[in-house]
Protein chains: 4
Amino acid sequence: MTKAMVPADPNYRDRVTAGFARQQAMQTLHIELVRVEPGEVELAFPYDPLLTQQHGFIHGGILSTALDSACGYAAFSLMSVDASVLTVEFKVNLLAPARGDRFQVIGRVVKPGRTITVCQGEAFAYVDTQSKLIATMTATLMAVFDRKDVQE
Amino acid sequence: MTKAMVPADPNYRDRVTAGFARQQAMQTLHIELVRVEPGEVELAFPYDPLLTQQHGFIHGGILSTALDSACGYAAFSLMSVDASVLTVEFKVNLLAPARGDRFQVIGRVVKPGRTITVCQGEAFAYVDTQSKLIATMTATLMAVFDRKDVQE
Amino acid sequence: MTKAMVPADPNYRDRVTAGFARQQAMQTLHIELVRVEPGEVELAFPYDPLLTQQHGFIHGGILSTALDSACGYAAFSLMSVDASVLTVEFKVNLLAPARGDRFQVIGRVVKPGRTITVCQGEAFAYVDTQSKLIATMTATLMAVFDRKDVQE
Amino acid sequence: MTKAMVPADPNYRDRVTAGFARQQAMQTLHIELVRVEPGEVELAFPYDPLLTQQHGFIHGGILSTALDSACGYAAFSLMSVDASVLTVEFKVNLLAPARGDRFQVIGRVVKPGRTITVCQGEAFAYVDTQSKLIATMTATLMAVFDRKDVQE
């Protein structure tokens, strides 16, 4: 599917970076944009005891927040300049406790489309240099050209 | 399914309250426990610009964090005293932008089970006294009796 | 959400009936259209040993086929005359073995929309007059006005 | 994750083959077992107009039936001899119309576990020798050692 992964906008990287910077939740959660490729976005964040669930691991919802953003901007990277991106739905499987010093989250486009884009995300926990797959996401994103469409 | 919604532990409310209080992410995100019934938990949180996505609405991942906790503790409310609860997976549909002054999140057990419990969650946005359904979740939770089981 | 459940086409019932009749898989699997309301469709099918999994219960995929059709036509019932409906994605939770004499499957619109409609489905197994919830579905459907859109 | 993909039972291939043969739905739908590896199962089936939706493509539920079986037996291939496998839930994204002469469906274990196994599935449509990814699945399977557990 290499052909389809050509971004519609050559300045896709700037648009992704600017869009990501407007997500205040990312700054609040200390989630950083690490890498942007056509159809692929990588984020990272450190362990933070303030974002944990009852066993002291990162809350699954926080992981989902990072996975959703990674998938959303992976989809956005291929869209035309006049498009906004909205998450229609996502599903997360939590494979192992989110125990680690830092976390890497990657979103990749599986199927780009004019309206609907499907992405898969993976979250890895790092302890020193050892990484472990701890969660996967499948996300459905929608390109929106007329913002009123989704504000009904 | 009323019969099945009898909690195994009469002190279920205390256990849910104590478990919820250990989720530091809830305090960080200002998500509060409002109500605990057998198989049903209600949470609430105010609008916070620090938790928004690129259009100024609450980030879908933050909604998911609240929905996951509501579903998890709804499941936990029916479990026996020696059980921990873990989220196996969840799926969220974002139905409308999370625009509002405050948000109400309800998790309900659909099917309790010895090992696997299935819950559904609903998130509502409030503007004054008007509410709107903005997201739904289906979550699969697992009762864990031997924590090592899930730490492999 | 009653207001939103007004069908765009007063002849919605005929359109649903005609569309359902074109799904050859329904006839092959002996799944029948029982009831059509605005935003709600009910199907039914008998137990058939030819459609079972390894334990002699109806295969989860067959249940999903019925749930998908029920959700799809529930969404379709609210759409305008020039729209086709396509399933974007669905998620099924299998709550209990599909053991019964006959099965009832209901799809309901949770959130109608110009492009995206979200439905929930429920499948019940009947043994004599006793019914049991055996599966739930959440489905995302898309209205398509230009078939080429989805044939890329 | 190679280490984890060692089957608990050296006769895993025979067990998968025998289990698959007991799924009468597979024979009815002409879905064949093509390949069994540790943690990976491949199925195939031809186009059949009797299994189509309203546009003449294979019904998404039929694809899901094949994907569910592929994922289920991929999980089963790693389980011990005394285990049965049950699908807890699955999610399917339909990426493109199921238009083709024949269909290939592959299920792979992403995360094996004593109780819970997570798999991903992919379905491809073939026209002559050209293939296209048309659907993906994420499935959660459960090993059951005491059948009564799931028959409650």
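**Entry 1: chains A and B**

I began with how chain B meets chain A in this predicted model. All of the interface here is shared: 100% of the interface residues of chain B are also interface residues in chain A, so the copies meet through the same surface. I then looked up the operation that relates them. A rotation of 180° superposes chain B on chain A, with 0.0 Å of shift along its axis and an RMSD of 0.0 Å. Which residue of chain B comes closest to the rotation axis? I found Lys91(B) there, with its C-alpha at 2.0 Å.

**Entry 2: the sheet across A and B**

Next I followed the strands. I traced an open sheet of 12 strands, with antiparallel pairing. I wrote down its order as β1(A)-β2(A)-β4(A)-β5(A)-β6(A)-β3(A)-β3(B)-β6(B)-β5(B)-β4(B)-β2(B)-β1(B). In that order β3(A) is followed by β3(B). Which strands stand at the edges? They are β1 (32–37) of chain A and β1 (32–37) of chain B. Each has a single partner strand, so one side of each is left without a neighbour in the sheet. I also noted the twist, which averages 20° from one strand to the next.

**Entry 3: the chain A half**

I picked one pair of strands in chain A. Strand β3 (residues 84–94) and strand β6 (residues 130–144) of chain A run antiparallel and are joined by 10 bridges. I checked one bridge by name: Phe90(A) has Ala139(A) in β6(A) as its partner. Then I looked for a helix on the sheet. Helix α1 (residues 12–21) of chain A packs there, touching β1 and β2 (40–46) of chain A. The direction of this helix makes about 160° with that of β1(A).

**Entry 4: helices of chain B**

I turned to helix α3 (residues 60–76) of chain B. What does this helix lie across? I listed β3 of chain A, together with β2 (40–46), β3 (84–94), β4 (102–111), β5 (116–127) and β6 (130–144) of chain B. So the list for α3 of chain B includes a strand of chain A, and its angle to β4(B) is about 40°.

I then set α3(B) beside helix α1 (residues 12–21) of chain B. The two pack at an angle of about 145°, and their axes are 10 Å apart. I recorded their crossing as right-handed. On the α1(B) side I found Val16(B), Gly19(B) and Phe20(B), which meet Ser69(B), Tyr73(B) and Phe76(B) in α3(B). I sorted the residues of this contact into four nonpolar, two polar and no charged.

**Entry 5: strand β4(B)**

Is β4(B) mostly covered or mostly uncovered? I found it mostly covered, with eight of its 10 residues buried. Then I went through its pairings. On one pairing, seven bridges join β4(B) to β2(B), and the two run antiparallel. On another, β4(B) pairs with β5(B) over nine bridges, also in the antiparallel sense. One residue let me step across these strands. Gly107(B) in β4(B) stands opposite Val41(B), and Gly107(B) also stands opposite Gly121(B) in β5(B). I noted too that β4(B) and β5(B) form a hairpin, with four residues between them.

**Entry 6: chains B and C**

I moved on to chain C. Chain B can be laid on chain C by a turn of 180° with a shift of 0.0 Å along the axis, at an RMSD of 0.0 Å. That is the relation of a two-fold axis. The same surface serves both copies, as 100% of the contact residues of chain B recur in chain C.

How many residues does each chain give to this contact? I counted nine from chain B and nine from chain C. On the chain B side, β3, β4 and β6 each give two or more residues. The largest share comes from β6(B), with three residues. I divided this side of chain B into three nonpolar, four polar and two charged residues.

**Entry 7: one residue in chain C**

I closed with Glu32(C), which lies in strand β1 (residues 32–37) of chain C. Is this residue buried, exposed or partly exposed? Glu32(C) has 14 C-beta neighbours inside 10 Å, so it counts as partly exposed. Leaving out residues up to four places away in sequence, I found that Glu32(C) touches Leu43(C), Ala44(C) and Phe45(C). Ala44(C) is 12 residues from Glu32(C) along the chain, and their C-alpha atoms are separated by 5.3 Å.

Note on methods: Residues numbered from 1 in each chain as written. Chains lettered and ligands numbered in written order. Predicted model: local features only at pLDDT ≥ 70, side-chain atom pairs only at ≥ 80, totals over all residues. Least-squares fit on C-alpha atoms with pLDDT ≥ 70 in both. Contact = placed C-beta atoms within 7 Å. Pairing = 2+ DSSP bridges. Axes fitted to C-alpha atoms, helices over the stretch in contact; angles between N-to-C directions. Nonpolar A, V, L, I, M, F, W, Y, C, P; charged D, E, K, R; others polar. Left-handed = near helix turned anticlockwise from the far one by under 90°. Buried ≥ 20, exposed ≤ 12 C-beta atoms within 10 Å, placed from the backbone.
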